[in-house]
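Grab a pencil and open the viewer. Here are a few exercises to work through, each with a solution.

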Amino acid sequence: MTLTAIAGSANVPLATSVAHELGVELCGRKVQRFADGELHVEIEQSVRGHDVYVIEPTSQPVDEHMMELLFLADACRRAGAARLTAVVPYFGYARQDRRTSGREAVGAGVIASLIETAGFSRIVVVDLHAPEIEGFFRIPLEHLSATRLLAEAVRTTSDSVIVAPDLGAVKLAERYQAFLHLPVVVLHKTRITGSDVLLRSIIGDVKDRAPIIVDDMITTGGTIEAAVKGLLEAGCKPDVSVLATHAIFVGPALERLQALPIQQLIGTNSVEPRELPAHFQVVNLAPVIAETIGRLNRDQSLAPLLAHA
Ligand code: R5P
């Protein structure tokens, strides 16, 4: 089936790089806003009978990019696309995977329903905040991971230790452990506000160790700031590395990260970089996304690429 890749506006450089890896041009499309703010999208080439991949991380502004993803799907479906796959390198709303207090919305569930309703028959994501989100979808979800790429990029020493900055990151830390063969330390963190967290305790030995903090995303940098400060107080070496798939970097993130003694700060281009800390090292996701799209197009196994592999 003819493969067509289309990009929303959230991360055109990544989508272009994916298309380049695949040896195709991105499909022409218009993404405009009417004077009243309404979104309007139009596909500029025929996609009738095609296997279409819409590449759009739902990064900031989250709702605008989400709507683009949905509208692009609708336009392709109405234009006769045979198969539609959402490629969402960063899945916004993933942290709203359950109710933590009384009368909250479960945002990730709402988004999953919208993605299905728009006409997608499959979704590809990278390092979901909560892998359980797969259960919100009735369509297949392919969960890729940047863990191997980030593990290959980090420099380790004999006294390195992997640090899960909260209990939710333990599984991710174990995935890194499979590549790095280092001990895992776990931090007990409590979120106080949207941007501030409190480190309660450290489970494991960090004295004179070089910590490699691993997380799915850095948003305001509160988690990393609390982790680095707590680890230093506990006597770790001032040789701190941070690996995080999604470099969201909002609010005080840059200021916080720049003020910390972080030797290696490595993430991916799942989100289009805006302002980045000077020492931020980017790992390119395009090859792994392109490989995934190519395999899906050829109906080949994705086993070597998936997060649980
Ligand atoms: C939370 O459970 C996530 O895995 C990240 O630790 C968190 O979203 C990072 O946010 P921030 O940088 O604002 O602390």
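The exercises below go through the sheet, a helix and the ligand site of this predicted model.

**Exercise 1. Work out the order of the strands in the open sheet, and find its edge strands.**

*Solution.* Start with the order: the five strands run 1-4-5-6-7, and they pair in parallel. Now look for strands that pair on one side only: these are strand 1 (3-7) and strand 7 (141-144). On average, neighbouring strands are turned by 20° against each other, ignoring direction.

Next, zoom in on strand 1, which pairs with strand 4 (residues 51-55) through five bridges. Pick Ala-7 and you'll find Ile-55 as its bridge partner in strand 4. Finally, add helix 2: it packs on the sheet and touches strands 1, 4 and 5 (83-88). The direction of helix 2 makes about 165° with that of strand 5.

**Exercise 2. Find the buried residues of helix 3 and say what they pack against.**

*Solution.* Take residues 107-117 and keep those under 20% relative accessible area. That leaves Gly-107, Ala-108, Gly-109, Ile-111, Ala-112, Ile-115 and Glu-116. Their packing partners are helix 2 (62-78) and strand 6 (122-126). Just past the helix, check Gly-119: its phi is positive, near 120°.

**Exercise 3. Which residues come nearest to the ligand, and how much of the ligand's area does the protein cover?**

*Solution.* Of the 14 residues around it, the nearest are Arg-95, Asp-215, Asp-216, Thr-220 and Thr-223. Then go through some polar contacts to ligand oxygen atoms:

- Thr-220, side chain: 2.6 Å
- Thr-219, backbone: 2.8 Å
- Arg-191, side chain: 3.0 Å

Last step, coverage: the ligand alone has 370 Å² of accessible area, and the protein covers 93% of that.

Technical notes: Residues numbered from 1 in each chain as written. Predicted model: local features only at pLDDT ≥ 70, side-chain atom pairs only at ≥ 80, totals over all residues. Heavy atoms only, no water. Buried < 20%, exposed > 50% of the residue type's maximum accessible area, 1.4 Å probe, protein only. Helix = DSSP H or I, 4+ residues; strand = E, 2+ residues; numbered from the N terminus. Contact = heavy atoms within 4.5 Å. Pairing = 2+ DSSP bridges. Axes fitted to C-alpha atoms, helices over the stretch in contact; angles between N-to-C directions. Near = heavy atom within 4 Å. Polar contact = N/O pair within 3.5 Å; in protein donor to acceptor, adjacent residues only side chain to side chain. Areas by Shrake-Rupley, 256 points an atom, 1.4 Å probe, with all protein chains shown as cover.
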